Each structure stands twice: as structure tokens, then as C-alpha cells.
Amino acid sequence: MSISTFDLFKVGIGPSSSHTVGPMVAARLFAEDLRASGLLPSCRRVSAQMYGSLGATGAGHGTPKALILGLAGETPEGVDVDSIAARVEAVRECGRLRLLGQHEINFSYRDDLVMHRRESLPCHANGMCFTAFDEGGEELRRRIFYSVGGGFVVDESSAEGSPIVDDPTPLPYPFKNGEELLALCRKTGRSISALMLENEKAWRPEPAVRGQLLGLWQVMDACISRGCSTEGILPGGLKVKRRAAQLLRQLKARTGSIGDESLNTLDWVTLYALAVNEENAAGGRIVTAPTNGAAGIIPAVLKYYLEHCHGASEDDVARYLLTAAAIGILYKTNASISGAEVGCQGEVGSACSMAAGALADALGGTPAQVENAAEIA
């Protein structure tokens, strides 16, 4: 069982990896299953039922829109975020949906999206059941999926055994806990990031690894920039005002140092994290780090390091994200990064730990110092 850096860090949309990204992936998987099994031409209607946390809070977290987009064949990393609202409203008004963008069916927003607010499925708090029907109303296919945090999705059979996606790829340096990770570092003389790079090369060549890591950072950085330049009111009934743009103006107006020794350090880190959080709440393009709910922390620390610390480079981006992933894998494997399972403190706490350890590595810390930073955070 192997987890890649790019399993934890995935490009998606807000506001929730468990409630938005995962359901979109699951809905597309169901539609693709219909096509692969030859049932797509016979399908005339699809019902999507949400259970547990998805049923209780999914409306506010964008689950219905995610299911519609996933059934239509969209992916979290590829969907045009600016067109989502109009597309969902069009389906709602006309009562028609094109599965995978090619096969049109009847679809009732009210009747075919069912939210069970007080019922749960057995394996996880974020359960979904998809059912396809033919012209006579007979069931063609029924599948259950679980969104287990960070955009990870498993089907019913996988969830009964393990909440982790089972990837059999053999790694040169497998580890299950922090003790094993540190032992490998001592044995090989490698840093945690260097060890993770060797593992990533089991899936793709080193230039591709570095290219994808820099690509993730570009999405993170663009998200911070959008959050820092956009004003107005966030979606939802609470009418929450965006604050990042105003906070940026206030920080720029201050005089004096903004380096590591400045009392302003945490103000800048907070600004960057807030900018990502506001973009996430608005349904914008973000990177799960390791979840949407905690997505601001890891890019905020990296942004501050790159912008305000002398000597930072692209190599630091790669080391930072690889180390953060190694720490995140420990949480994903041995505990959980899902807010539905362990609460918001669980997912935010894991992100803080990942960021602290990653910063220690980027600053030249030893594996033991990296572990210590992650543990303290």
C-alpha cells in the first residue's frame, strides 16, 4: 500500500475536499462505470443519495453541485470554476443532465439529489449511494462510495477493509510510522525530502516529480494572489466579508522590517492563509493540503519563506512539499485527515504539523529536527 505526494496534494475546488472534491470524483467514477459496463445508453435517470456528514452539511459545502458536475464528466482539477454556478442552475431549471457530457438523461434537482440528514452508511461519515435506472424505472446499477478526506474516494468493498486507497506500487523506502521513517534516514544518510523523492520516482521520473511539485506551488501561489486581491461578500447566508485584501493594504502600510525577526511575521503568514481560506470558501481553485478545510496553512508558510527569507529557491519548494507529504502520509495511514472523522482540529492540526516539519527541512534541519518540529506543532 503506497501513497504518493500527489495523492495528498491535489488541485481541486472549494469549499471542501470531503464534501466537494470527493463527491465530484465519486460521481464521475459512477458515470464512467456505466459507460464501461455498456449501460450508459440504457440509462434514463440517476439518483444520488448523501448520508452522514454529506447529508447533514453537504448543501453548505457544495456537494449537490459537485455531484452534478461529476456525473457530467468534470474533474476537480479541470472544471472551469467561473462557469459552475451557471451550469448547475441550467440543470436545475431544465431538468436534464448529460452524463459524461455525451448521454442526456432526466434529472430532478429536488428528487434525484437526496440528503439523508440523520442516516449514515456503515463504513464512514461521508457516504454516497448512486443508482441508475432504465426507461421503465428498473435499476441498472447501484454503487456506494465514501469520501474519506483529502479528496480520497473508496467504494464499498474497499471501505470495508481499509480507508486508504490501495496502491500496490513497490517503494524503495516504505515506512509506516515516524520511527521507521527516521530509521531509513539514518540508514541511507538521506533527508526526509530526499527519501520521499526516491519513493516518488517509483511512479514518475525525477524531472516530472519536480515539475508537478512546482505546478502545485503555482496553483497555491495563484490562489493566495486571488485571495489577496478580491473583495466582497463570501457565498452563504451569513454574509461574511472578505478580509484578506484589506489586511494586505494594512500590512503594506506599516514601516519597518518584515523579515524573520519582525513581529509582523505571523501577520503575513495569517494573511496568506486567510487568502486561501477565502478562495476556498468561495469555491475557487485550490490545492488540498492535505484537505480543503486546512488548505491555507501549508502554502502560507511556504509563501512567507519564499517571499521574506533570503536565499529561498525552487529547490526549497520541492523539499518543502516532499517533507510535508511524508508527514501527511503518517497521519493519513495511522489516524485521519478527515474533518468528518476527527473534527476540524484534526485536519488543521495535521496541516500545521506538516508545515512545521517541512519548514524545518527547508531551513536545513536534520530528520530528527524535522520530526521534532512536526511533533510539537
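How many aromatic pairs does a search of the whole structure find? The search turns up 3 aromatic pairs, where rings of Phe, Tyr and Trp (its six-membered ring) pair if their centres lie within 6.5 Å. One of them is F30 with F130: the ring centres are 5.3 Å apart and the planes sit at 20°, so the pair is stacked (planes under 30 degrees apart count as stacked, over 60 as edge-to-face and the rest as tilted). This pair ties together distant parts of the chain, with F30 in helix 2 (residues 17–36) and F130 in strand 6 (residues 126–133), 100 residues apart. Helices (H or I, at least four residues) and strands (E, at least two) are DSSP runs, numbered from the N terminus.

A word on the model: it is predicted, so local features need pLDDT of at least 70 and side-chain atom pairs count only at pLDDT 80 or more, while totals for chains, interfaces and linings use all residues. Residues are numbered from 1 along each chain as its sequence is written, and side-chain values use heavy atoms, with hydrogens and water left out. The protein chain averages a pLDDT (the predictor's confidence in each residue, from 0 to 100) of 92, and 95% of the residues score at least 70. Residues 161–165 are a weak spot for confidence, with pLDDT under 50, and the model has 13 contacts beyond four places in sequence for them; contact means heavy atoms within 4.5 Å.

Now for the helix packing. Axes are lines fitted to C-alpha atoms, for helices over the stretch in contact, and angles run from 0 to 180 degrees between N-to-C directions.

| Helix pair | Axis distance | Angle |
|---|---|---|
| Helix 2 and helix 4 (residues 63–71) | within 7 Å | roughly 30° |
| Helix 12 (residues 297–308) and helix 14 | 8 Å | about 25° |
| Helix 14 (residues 339–362) and helix 15 (residues 367–376) | within 7 Å | roughly 155° |

That makes helix 14 roughly antiparallel to helix 15, going by the usual bins: under 35 degrees is roughly parallel, over 145 roughly antiparallel, 65 to 115 roughly perpendicular and the rest oblique. In this contact, S353, A356, G357, A360 and D361 of helix 14 meet Q369, V370, A373, A374 and E375 of helix 15. Those residues split into 5 nonpolar, 3 polar and 2 charged (Ala, Val, Leu, Ile, Met, Phe, Trp, Tyr, Cys and Pro count as nonpolar, Asp, Glu, Lys and Arg as charged, and the others, Gly among them, as polar).

Helix 14 also has helix 12 alongside, and these two are roughly parallel to each other. I297, I298, V301 and Y305 of helix 12 make this contact with residues of helix 14 including V348, A351 and C352. By class it comes to 11 nonpolar, no polar and no charged residues.

Back at helix 2, its partner helix 4 runs roughly parallel to it. F30 turns up here too, among the helix 2 residues that meet helix 4. This contact has 9 nonpolar, 4 polar and 2 charged residues.

Finally, some backbone oddities. Most residues other than glycine have a negative phi, and most peptide bonds are trans. A cis peptide bond joins G14 and P15, with omega about 10°, and P15 lies in the loop between strand 1 (11–13) and helix 2. Another cis bond joins A289 and P290, with omega about -5°; P290 is in the loop between strand 9 (285–287) and helix 12. L100 is not a glycine, yet has a positive phi of about 55°.
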